[in-house]
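Here is a short, friendly briefing to read alongside your viewer. Keep the fold open as you go through the points below.

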Amino acid sequence: NIKKIIHICKKMNVDAVHPGYGFLSENYLFSKELSKNNIIFIGPPPNAVKEMGDKISSKKIALKAKVNCIPGINKEIRSLEEASKVSNNIGFPVIIKASAGGGGKGMRIVRKKKDLGELLKSAKNEAKNAFGDDRVFIEKYIENPRHIEIQILGDKFGNIISLGERECSIQRRHQKIIEEAPSAFLDEVTRTKMGDQAISLAKQVKYYSAGTVEFVVDKNKNFY
């Protein structure tokens with residue numbers, strides 16, 4: 001409850017708020033309300049939260065920052081006809097993803113065209129229930145991917161560094177169970193390239209504080 005938290009902050013003369021690991025840590029309105037009330041949000045700037053919290057807008061920003069993106073259609077899919085056309089162009093298997101998504105919600109892997117309608121519907125329903133937003137998009141599904149995240153750290157003066165990677169491939173229902181650092185799979189060249197792209201993306205949204213740029217890496221060390 002954003003209003004209640006701010007009320008407590010004012011009552012107790014609180015200087016700063018750490019949002020923890022819940023949905024408020026990714027809520028643009030929460031960080032904006034805090035700054036409006038001169039309370040420091042321990043986390044990234046509100047605009048970065050807003051732009052990067054939406055997968056469709058964040059992909060556009062990533063492309064602008066020259067970051068590798070998975071082949072796909074970077075706009076909302078509005079109908080089964082459109083989904084079918086896009087999936088045929090990309091080639092099966094494809095993955096349907098909720099734009100406002102997180103935590104593995106609103107994601108469906110489609111291996112055959114005949115399953116597209118049913119999976120599109122269930123992805124949209126789940127996204128609507130989880131985030132109040134049923135927008136979805138479609139991209140190529142990378143088989144046997146590795147989920148590798150680059151940890152970045154930035155200050156308010158435009159300085160951003162990469163602190164290396166965490167291998168997060170051991171998952172259940174698209175949720176990480178174990179993180180391993182460093183990744184036994186990466187070599188120095190790939191690690192450096194991924195770090196450079198993570199920094200480039202962070203600079204594009206004027207990011208500060210600690211942050212994570214998530215990559216999918218295929219068996220040939222191509223990363224997106």
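In this predicted model, I96 stands opposite R108 in strand 5. That pairing belongs to strand 4 (residues 94-98) and strand 5, which run antiparallel and are joined by 3 bridges. From here we can look at the sheet around them, then at the helices packed on it, and finally at the salt bridges.

**The sheet**
- Strands 4 and 5 are part of an open sheet of 4 strands, with antiparallel pairing and the order 3-6-4-5.
- Strand 3 (72-73) and strand 5 stand at the edges, and each has a single partner strand, so one side of each lacks a neighbour in the sheet.

**Helices on the sheet**
- Helix 4 packs on the sheet and touches strand 3, strand 4 and strand 6. The direction of helix 4 makes about 45° with that of strand 6.
- Helix 5 (residues 80-90) also packs on the sheet, touching strand 3, strand 4 and strand 6. Its direction makes about 20° with that of strand 6.
- For a residue to look at in helix 4 (residues 55-64), try S58. Is S58 buried or exposed? With a relative accessibility of 13%, S58 counts as buried, because the cut-off for buried is under 20%.
- Leaving aside residues up to four places away in sequence, S58 touches E51 and M52.

**Salt bridges**
- Across the whole structure, a search finds 18 salt bridges.
- K75 forms one of them with E82, with the closest N and O atoms 3.4 Å apart. K75 itself is partly exposed, at a relative accessible area of 41%.
- E143 and R111 form another, with their closest N and O atoms 3.0 Å apart. E143 lies in the loop between strand 6 (136-140) and strand 7 (146-154), while R111 lies in the loop between strand 5 (108-110) and helix 6 (116-131), so the pair ties together parts that are 32 residues apart in sequence.
- Both partners are partly exposed: E143 has 40% relative accessibility, and R111 has a relative accessible area of 48%.

**A salt-bridge network**
- E149 forms a salt bridge with K176, the closest N and O atoms lying 2.8 Å apart. Since E149 is in strand 7 and K176 in strand 9 (residues 175-180), this pair ties together parts 27 residues apart in sequence.
- E149 is buried at 1% relative accessibility, whereas K176 is partly exposed at 35%.
- Shared partners link the salt bridges here, joining E149, R166, K176 and E179 into one network.

How values were computed: Residues numbered from 1 in each chain as written. Predicted model: local features only at pLDDT ≥ 70, side-chain atom pairs only at ≥ 80, totals over all residues. Heavy atoms only, no water. Helix = DSSP H or I, 4+ residues; strand = E, 2+ residues; numbered from the N terminus. Buried < 20%, exposed > 50% of the residue type's maximum accessible area, 1.4 Å probe, protein only. Contact = heavy atoms within 4.5 Å. Salt bridge = Lys/Arg side-chain N within 4 Å of Asp/Glu carboxyl O. Pairing = 2+ DSSP bridges. Axes fitted to C-alpha atoms, helices over the stretch in contact; angles between N-to-C directions.
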